[in-house]
Amino acid sequence: MFHVKQSDKGKDKVYDVIVVGAGHAGIEAALAAARMGFDTLMLTLNLDHIGQMSCNPAIGGIGKGHLVKEIDALGGEMARAIDETGIQFRMLNTKKGPAVRASRAQADKALYRQRMKRVVENCENLTLKQASVEALVCRDGQVTGVESQMGEVFKARRTILTTGTFLQGLIHVGDRNYSAGRAGDFAAQGLSGSLSALGLRLGRLKTGTCPRLNAHTIDYSRLSVQYGDETPAPFSFGTERIEQPQIPCHITYTNPKTHDIIRAAIHRSPMYSGVIKSRGPRYCPSIEDKVVRFAEKERHQIFLEPEGYDTVEVYPNGISTSLPLDVQADMVHSIEGLEEAEIMRPGYAIEYDYVEPTQLKPSLETKAIEGLYLAGQINGTTGYEEAASQGLMAAINACLSLKGEEPLILSRDQAYIGVLIDDLVTKGTDGEPYRMFTSRAEYRLLLREDNADLRLTELGHRIGLATPEAHARTARKQEQITELTHRLETARIHPSRSVQAQLRALGTAPIRNIVTFAQLLRRPEVDSADLTAFDPELEGVPSDVALQVEVSIKYSGYVDRQAQGLKRFQKMENVTLPDDLDYGQINGLSREIKEKLSHVRPRSLGQAYRISGVTPAAISVLSLYLYKQKAG
């Protein structure tokens, strides 16, 4: 039975902020609140599992790497953690444009967890306790604390829930299922009921993971090797270089025999037998889904990713499954190089409760309960990076509210974090876990990984998270960018014999007239490093500075077009909508659109436009109504 406490008793300590959960969202939330100077309590089911990588042991990826860079620029922890514990670093999409290039790194799973535990344990203003939170304590529509399974009441002025997959978590392996927040950890059973009793609408989602294999039983001689980058690029703008040794991954594939095994046992999968009714992440499907949805494909790629230096466990990325254990074994043994592979931990699917995120303000505070913030998978997202981003922003805004200041709302043109949160609170999850992609950002050429510090460090410093050193480093970088841009725009190259020979050596056409370095750099086949042939002093320019200048010069036309679109976007964003606007009284809006606007309660005309189903005609009606109200 659940219950909601209506009053506090006793004279226990009152914290400024309580963070429930110690996953990726919880870590960023707790560290941010404490570093901003607020007395913070982190509560977790298991103090040994702080920063646990429940699924694949990796950070970053397409869209996700952008989030990690932004977390770092604002003063978060994730980038520094992966820089210290990564065992293979790769830059993805290197042959594509700068907007979609993304960093990804394999982590030593144990070292990452140990490193995060050490950081939170030694953080000033942060207290850690092991407890299972089963209820919220509220008074007059405001959260005042939480109650544990043991009956302890912890009081706080603000509470942040980062519960991951633990809310009534249910693990499925074939026709077997059991209660758990993840393999090896108890689920939180009472908190869902407490949230429902407070008026929040909950849903059910699913995610899954792969079986773990014993490296000693894999025949690597038959597999393709995938090495990391020769010079690993750090995630954090404050990391000079990656020092630790790197480990290769290997690649193999499923085959028609594998697919036959899966099809023959598909009726034993809880996803297809009807036992699991919730939806999983569309862009990270189980191997059952792949075989059914892409029946024409003869094989699917599998990355064999080592889980660390001192473990034999291997994560076979690409075969997430909830099939029975005997079928998992047959499936694995049908794959080249894995014929004798031993499964150390079975793959599984997990169902869990989440709160529909349209019930949140852009600050990640719930609309129904004052002082209650939600971050991570409880908001319907999937992925470590999405969770960490939300944890950071929830803590920032909880602390700003304690100071009586306005929340920090990152817009869609400022950050991928802004896109993520705006999508959640405006559109919701559409019944499946939300995952970040570069395609979700309209202004992705402006929101690159490489310029996250230039976009956000000033903000991070202003709120007290980005360090003075980071702020000074970013300011110096901006100065160098300005200096180099001016230099390339003004320095000239003459069509001498030696210059023409050098141009031919670079594989580019000769010049007929005097040109600037910037004009030469606009050629697709010329990059900033090539310019050193004409001016050796350019060799001393830091690579990150050269990259910024090269992108701004090469892609100036595209950037200008996005800037024009940005002006139109900002014009709509600047038209604010009153919190108490009665949409039911606006003539010309359909009943459906009135209901959607009343449900989401957008803060601007731009946000209203992004609500699914709100038409341009409805925006015109709304705009005209606002104009008449202002004029009248």
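This passage looks at the enclosed cavities of a predicted model, and then at one serine and one helix within it.

We begin with the empty space inside the protein. Rolling a probe the size of a water molecule over the atoms shows where empty space is left. In this model, the count comes to 2 cavities of 30 Å³ or more. The largest cavity holds about 90 Å³ of space, and the second largest holds about 40 Å³.

Around the largest cavity, 13 residues form the lining. Those that lie nearest its centre are Ile409, Leu410, Gly418, Ile421 and Asp422. Helix 11, which runs over residues 416–427, gives the most to this lining, with 5 residues. By character, the lining of the largest cavity divides into 7 nonpolar, 3 polar and 3 charged residues.

The second largest cavity is lined by Phe89, Arg90, Met91, Ser103, Arg104, Asp229, Ala233 and Phe235. Two strands each supply at least two residues of this lining, namely strand 4 (86–92) and strand 5 (102–107). Of the elements involved, strand 4 gives the most, with 3 residues. Here the lining divides into 4 nonpolar, 1 polar and 3 charged residues.

Attention now turns to a single residue, serine 236. Serine 236 sits in the loop between strand 14 (224–226) and strand 15 (249–253). Its relative accessibility is 5%, so serine 236 counts as buried, the cut-off being under 20%. Leaving aside residues up to four places away in sequence, serine 236 touches Asp72, Ala79, Arg80 and Asp83. With aspartate 72 there is also a polar contact, made between the two side chains at 2.9 Å.

The last element considered is helix 16, which covers residues 543–554. How far apart should the ends of its 12 residues be at 1.5 Å a residue? The expected span is 16 Å, because 1.5 Å is multiplied by one less than the number of residues. The end C-alpha atoms of helix 16 are 16 Å apart, which agrees with that expectation.

Which residues of helix 16 are buried? They are Val545, Ala546, Gln548, Val549, Glu550, Val551 and Ile553. The cover over these buried residues includes several other helices. Among them are helix 12 (452–462) and helix 13 (468–490), along with helix 15 (517–521) and helix 17 (556–573).

Technical notes
Residues are numbered from 1 along each chain as its sequence is written. This is a predicted model: local features need pLDDT of at least 70, side-chain atom pairs count only at pLDDT 80 or more; totals for chains, interfaces and linings use all residues. Side-chain values use heavy atoms; hydrogens and water are left out. On a 1 Å grid over the protein atoms alone, a cavity is a set of points where a 1.4 Å probe fits but cannot get out, and a pocket is an open set with protein on both sides within 12 Å along at least five of seven lines; lining residues have an atom within 4 Å of a point. Grid points are joined across faces, edges and corners, and a volume is the space filled by probe spheres set on the points. Helices (H or I, at least four residues) and strands (E, at least two) are DSSP runs, numbered from the N terminus. Ala, Val, Leu, Ile, Met, Phe, Trp, Tyr, Cys and Pro count as nonpolar, Asp, Glu, Lys and Arg as charged, and the others, Gly among them, as polar. Buried means under 20% relative accessible area, exposed over 50%, partly exposed in between (1.4 Å probe, protein chains only). A polar contact is a pair of N or O atoms within 3.5 Å; within protein, one must be able to donate a hydrogen and the other to accept it, and residues adjacent in sequence count only if both atoms are side-chain atoms. Contact means heavy atoms within 4.5 Å.
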